[in-house]
Each structure stands twice: as structure tokens, then as C-alpha cells.
Amino acid sequence: MSKAFVIDRQDNVATVMDDLVAGQGVEILGDCDLGSIDVPASVRSEHKIALVAISKGQAIVKYGRPIGIASKNIAAGEWVHLHNCESQYDERSGSLDGDSGAPTDIEYV
């Protein structure tokens, strides 16, 4: 079974340690009693998944601290990234490309 790691007991996301495919079970390691969770869609390694359902406007918590705000409802097991999370620290992060992370407000020539 693939694995994901939780940093702090307060976290509502875990970091995926392997590439995941839709429907796959993931063992949750670290400071968490969850055991495992299924992912509804593919997730690349080193990205985050939601440990529980996170409502739009709710804090995304990693390292025991809020790292962003859910920009839409996020289901348990779902990939958490730029397409559904906005930074609390940088307004520009809400406009970054969801796949590459590149700024979309700059014209590249």
C-alpha cells in the first residue's frame, strides 16, 4: 500500500510519498490515528491530500499551522493544491497555474 505522511496531529492534509491512482488506498503515517484513506483521483508524489472533508473557506493545516484556505469544498482523499487552495500570505498564489505553479499574470515570450 502506498503511504502519505502527517507532520502534526492538527493537520488536515498529508503529504503523498508515492504516485497514486484513482481508488487506491493510502496508509497514513505520522501523527495521525486515521490508518488509511482512499483517493478519488490520481495524485503525484510529494503533493497533499485531504485527510477529512474540508469546506470552502476552511483553513488548510500542515505543520500544525494554516498554510492556506480552501477555495472550494475538498473531499477526504482529494488532491489539495492550487486548484482548490489559496495562500493566506500571498494574493498572487490564487492565480498560479494549477499544474506547473507558474504565474499566469506574466506574459512569457
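**Salt bridges, a buried asparagine and a nonpolar patch in an all-strand model**

Asp33 sits out in the open: with a relative accessibility of 67%, this residue counts as exposed, because the cut-off for that class is over 50%. The model it belongs to is a predicted one, and Asp33 is a handy way into it, since this aspartate is joined with Arg9 and Asp31 in a network of salt bridges.

First, the overall layout. The protein has nine strands and zero helices, so, reading from the N terminus, the order of elements is simply β-β-β-β-β-β-β-β-β. Of its 109 residues, 34% are buried. The accessible surface amounts to about 6300 Å², and carbon and sulfur atoms hold 50% of that area. As for how the chain meets itself, take the contacts with a separation of 6 or more: 41% of them are between residues 24 or more positions apart.

Back to the charged groups. How many salt bridges does a search of the whole structure find? The tally is three. Arg9 takes part in one with Asp33, where the closest N and O atoms are 3.1 Å apart. Here the loop between β1 and β2, which holds Arg9, is linked to the loop between β3 and β4, which holds Asp33, across 24 residues of sequence. Arg9 also pairs with Asp31, with a closest N to O distance of 3.2 Å. Asp31 is likewise in the loop between β3 and β4, so this pair ties Arg9's loop between β1 and β2 to a part of the chain 22 residues away in sequence. Put together, Arg9, Asp31 and Asp33 make up the network. Its members vary in how much they show: Arg9 is partly exposed at 49%, and Asp31 is partly exposed at 32%, whereas Asp33 counts as exposed at 67%.

Another bridge runs from strand to strand. Glu27 pairs with Lys3, and their closest N and O atoms lie 3.5 Å apart. Glu27 belongs to strand β3 (residues 25–30) and Lys3 to strand β1 (residues 2–6), so distant parts of the chain, 24 residues apart, are linked. Both ends are partly exposed, with relative accessibilities of 29% for Glu27 and 31% for Lys3.

What about disulfides? The count comes to zero. Cys32 is partly exposed, as its relative accessible area is 21% and the buried class needs under 20%. Cys85, with 10%, falls below that cut-off and is therefore buried.

On the nonpolar side, Phe5, Ile7, Met17 and Tyr63 form a surface patch of about 400 Å². One of these, Ile7, is located in the loop between β1 and β2, the loop that also carries Arg9. The relative accessibility of Ile7 is 41%, which makes this residue partly exposed.

Met17, also in that patch, turns up again among the neighbours of Ser45. Leaving out residues up to four places away in sequence, Ser45 touches Val16, Met17, Asp18 and Asp19. Where does Ser45 lie? Its place is in the loop between β4 (36–38) and β5 (48–50). A further pairing comes from C-alpha positions: Ser45 and Thr15 are 30 residues apart along the chain, yet their C-alpha atoms are separated by 7.8 Å. At 25% relative accessibility, Ser45 is partly exposed.

Asn84 is a case of a polar residue tucked away. This asparagine is in the loop between β8 (79–80) and β9 (85–86). Is Asn84 buried or exposed? Buried: its relative accessible area is 0%. Its side chain does have a polar partner, as it reaches the backbone oxygen of Trp79 at 2.8 Å. Trp79 is also on the list of residues that Asn84 touches, which, without those up to four places away in sequence, further includes Ile69, Ala70, Ser71, Lys72, Ile74 and Glu78.

Notes: Residues numbered from 1 in each chain as written. Predicted model: local features only at pLDDT ≥ 70, side-chain atom pairs only at ≥ 80, totals over all residues. Heavy atoms only, no water. Helix = DSSP H or I, 4+ residues; strand = E, 2+ residues; numbered from the N terminus. Buried < 20%, exposed > 50% of the residue type's maximum accessible area, 1.4 Å probe, protein only. Contact = heavy atoms within 4.5 Å. Disulfide = S-S within 2.5 Å. Salt bridge = Lys/Arg side-chain N within 4 Å of Asp/Glu carboxyl O. Patch = residues over 30% accessible without salt bridge, like charges linked within 9 Å, V, L, I, M, F, W, Y side chains within 5 Å. Areas by Shrake-Rupley, 256 points an atom, 1.4 Å probe, with all protein chains shown as cover. Polar contact = N/O pair within 3.5 Å; in protein donor to acceptor, adjacent residues only side chain to side chain.
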